[in-house]
Amino acid sequence: MHKKRIKGVKHIVVVASGKGGVGKSTVAANLAIMLAKKGYKTALVDADIYGPSMPIIFGLSDAKISVYMRGEQEFMLPVEKYGVKMISLGMLADPKQAVIWRGPLAANALNMMFTNTEWGDIDYMIVDFPPGTGDIQISTLQQYRISAAIVVTTPQIIAVSDARKGADMFTPSKMNVPLLGVVENMSWFTPQNHPDEKYYIFGQGGGEALAREFNTEFLVQIPLVKDVCDSSESGGNLMEMGNPIINAAFEKLAERVYIQLDEEEICECDCDDEDCSNDCNGNCDECSHKHKH
Ligand SMILES: Nc1ncnc2c1ncn2[C@@H]1O[C@H](COP(=O)(O)OP(=O)(O)OP(=O)(O)O)[C@@H](O)[C@H]1O
Ligand SMILES: [Mg+2]
């Protein structure tokens with residue numbers, strides 16, 4: 001089965017972990033905001049259909065996505081905030097619509113978000129995966145061409161053993177998706193009024209060990225700080241809260257993404273053939289489609 005590209009979208013980056021509550025949504029949201037801040041056209045897909053977090057993190061609990069008909073098909077318009085075009089089933093006008101999409105229709109909902117959404121031109125589309133390695137993750141990784149995966153873990157061994165299952169699904173023998181690296185979240189606690197102190201309340205070394213095991217990069221450590229929690233509760237922009245450690249961490253993470261992927265050659269096809277794999281591996285002369293680099 002060939003993997004599809006989404007029209008107009010250069011790179012899809014997924015954020016995953018076998019474990020819940022480690023900060024996937026926090027990392028996905030702020031990576032997207034930072035990439036937008038750096039001038040990239042950025043999109044965010046909240047693929048956590050059963051427990052969408054993005055409306056809260058972005059302060060968009062009352063926002064509604066417009067759905068309209070284009071020919072026979074329903075299309076959605078993303079909501080834009082903090083420079084990021086975002087879509088989440090938590091923002092559908094009729095909550096019953098989202099309920100209909102649960103269970104076996106989850107894959108349909110996912111495809112709606114990826115392909116029946118008015119994205120326009122996007123450099124980076126960040127995907128916030130639900131915890132674990134279920135149908136949503138597998139169906140996304142099987143169908144779409146993913147440029148990079150980021151695995152989030154906390155430093156303790158129990159989290160790492162779960163996060164490992166998340167990392168394992170990207171390996172060549174499974175879904176074969178390039179693993180960009182590991183983000184360790186909640187690495188230490190720093191009290192607000194003692195910014196120089198570090199308390200390793202969840203232990204140490206888990207992120208680094210996981211990265212070593214999968215022969216991938218240990219991308220960044222993000223401390224446990226109140227600003228992160230406060231901003232997601234209030235829907236504020238964490239990147240504007242002026243926490244230098246947090247900002248530096250996300251700046252480093254965004255940099256690792258664009259330094260790695262900006263250089264990658266993208267082959268986009270101009271043809272109207274829906275089955276076009278959009279991928280000639282650089283051998284455009286050999287391809288019958290009208291590709292442009
Ligand atoms: N570095 C941090 N410092 C303080 N709080 C944090 C940090 N990272 C995440 N949190 C908080 O921890 C909670 C869980 O984070 P988040 O929702 O991002 O995790 P998740 O892995 O996406 O969870 P789920 O598996 O439920 O989707 C949130 O309330 C978030 O604000
Ligand atoms: Mg989440």
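In this predicted model, helix α4 passes helix α5 in a right-handed crossing. The two helices, α4 with residues 106-115 and α5 with residues 135-143, pack at an angle of about 50 degrees, and their axes are 10 Å apart. Angles under 35 degrees count as roughly parallel and those of 65 to 115 degrees as roughly perpendicular; α4 and α5 are therefore oblique to each other.

A second pair of helices can be described in the same terms. Helix α6 (residues 157-168) packs against helix α7 (residues 206-213) at an angle of about 30 degrees, with 10 Å between the axes. That angle makes α6 roughly parallel to α7. The crossing of α6 and α7 is right-handed. The table sets out both pairs.

| Helix pair | Packing angle | Distance between axes |
|---|---|---|
| α4 (106-115) and α5 (135-143) | about 50 degrees | 10 Å |
| α6 (157-168) and α7 (206-213) | about 30 degrees | 10 Å |

**The sheet**

Strands of a sheet pair through backbone hydrogen bonds, either parallel or antiparallel. Here, eight strands form an open sheet with mixed pairing, in the order β5-β6-β2-β7-β1-β8-β9-β10. Strands β5 (79-81) and β10 stand at the edges with a single partner strand each, so one side of each has no neighbour in the sheet. From one strand to the next, the twist averages 25 degrees.

Strand β1 (residues 9-16) runs parallel to strand β7 (residues 122-128), and six bridges join them. Within this pairing, Tyr124 in β7 is the bridge partner of His11. Strand β1 is also joined to β8, by four bridges, and these two strands run parallel. There, Val15 stands opposite Ile150 in β8.

Val13 is another residue of β1. A residue with 20 or more other C-beta atoms within 10 Å of its own counts as buried; Val13 has 22 and is therefore buried. The chain brings a distant part of the sequence to this residue: Leu261 is 248 residues away along the chain, yet the C-alpha atoms of Val13 and Leu261 are separated by 9.8 Å.

How many of the six residues of strand β8 (residues 148-153) are buried? Six of the six are buried, and the strand is mostly covered. The cover extends to both faces: Ala148, Ile150 and Val152 are buried on one side, and Ala149, Val151 and Thr153 on the other. Beyond its pairing with β1, strand β8 runs parallel to β9, with five bridges between them. Ala149 stands opposite Leu179 in β9.

**A hairpin with little cover**

Strand β3 (residues 66-70) is hardly covered, as none of its five residues is buried. This strand pairs with β4 (residues 73-77) in the antiparallel sense over five bridges. One of the paired positions joins Ser66 to its bridge partner Leu77 in β4. The two strands form a hairpin with two residues between them, and Gly71 in the turn has a positive phi of about 65 degrees.

**Exposed residues in loops**

Three residues in loops can be considered together. Gly120 is placed in the loop between α4 and β7. Residues with 12 or fewer C-beta neighbours count as exposed; Gly120 has 12 inside 10 Å and so belongs to this class. Gly120 and Lys7 are 113 residues apart in sequence, while their C-alpha atoms are 8.2 Å apart in space.

Asn176 lies in the loop between α6 and β9. With 12 other C-beta atoms within 10 Å, Asn176 is exposed. Its phi is positive, at about 50 degrees, although Asn176 is not a glycine. Asn215 lies in the loop between α7 and β10. It is exposed, with 8 other C-beta atoms within 10 Å. Asn215 likewise is not a glycine and has a positive phi, near 55 degrees.

**The surroundings of ligand 1**

Which of the 19 residues around ligand 1 come nearest? They are Gly20, Lys24, Ser25, Thr26 and Val228. Helices α1 (24-37) and α8 (226-234) and strands β9 (179-189) and β10 (217-224) are the elements that give two or more residues to this shell. By class, the shell has eight nonpolar, nine polar and two charged residues. Strands β9 and β10 thus appear both in the sheet and among the elements around the ligand.

Conventions
Residues are numbered from 1 along each chain as its sequence is written. Chains are lettered from A and ligands numbered from 1 in the order in which they are written. This is a predicted model: local features need pLDDT of at least 70, side-chain atom pairs count only at pLDDT 80 or more; totals for chains, interfaces and linings use all residues. A residue is near a molecule or strand if its C-beta atom, placed from the backbone, lies within 6 Å of it. Ala, Val, Leu, Ile, Met, Phe, Trp, Tyr, Cys and Pro count as nonpolar, Asp, Glu, Lys and Arg as charged, and the others, Gly among them, as polar. Two strands pair if DSSP finds at least two bridges between them. Axes are lines fitted to C-alpha atoms, for helices over the stretch in contact, and angles run from 0 to 180 degrees between N-to-C directions. Angles under 35 degrees count as roughly parallel, over 145 as roughly antiparallel, 65 to 115 as roughly perpendicular and the rest as oblique. A crossing is left-handed if the near helix is turned anticlockwise from the far one by less than a right angle, and right-handed if clockwise.
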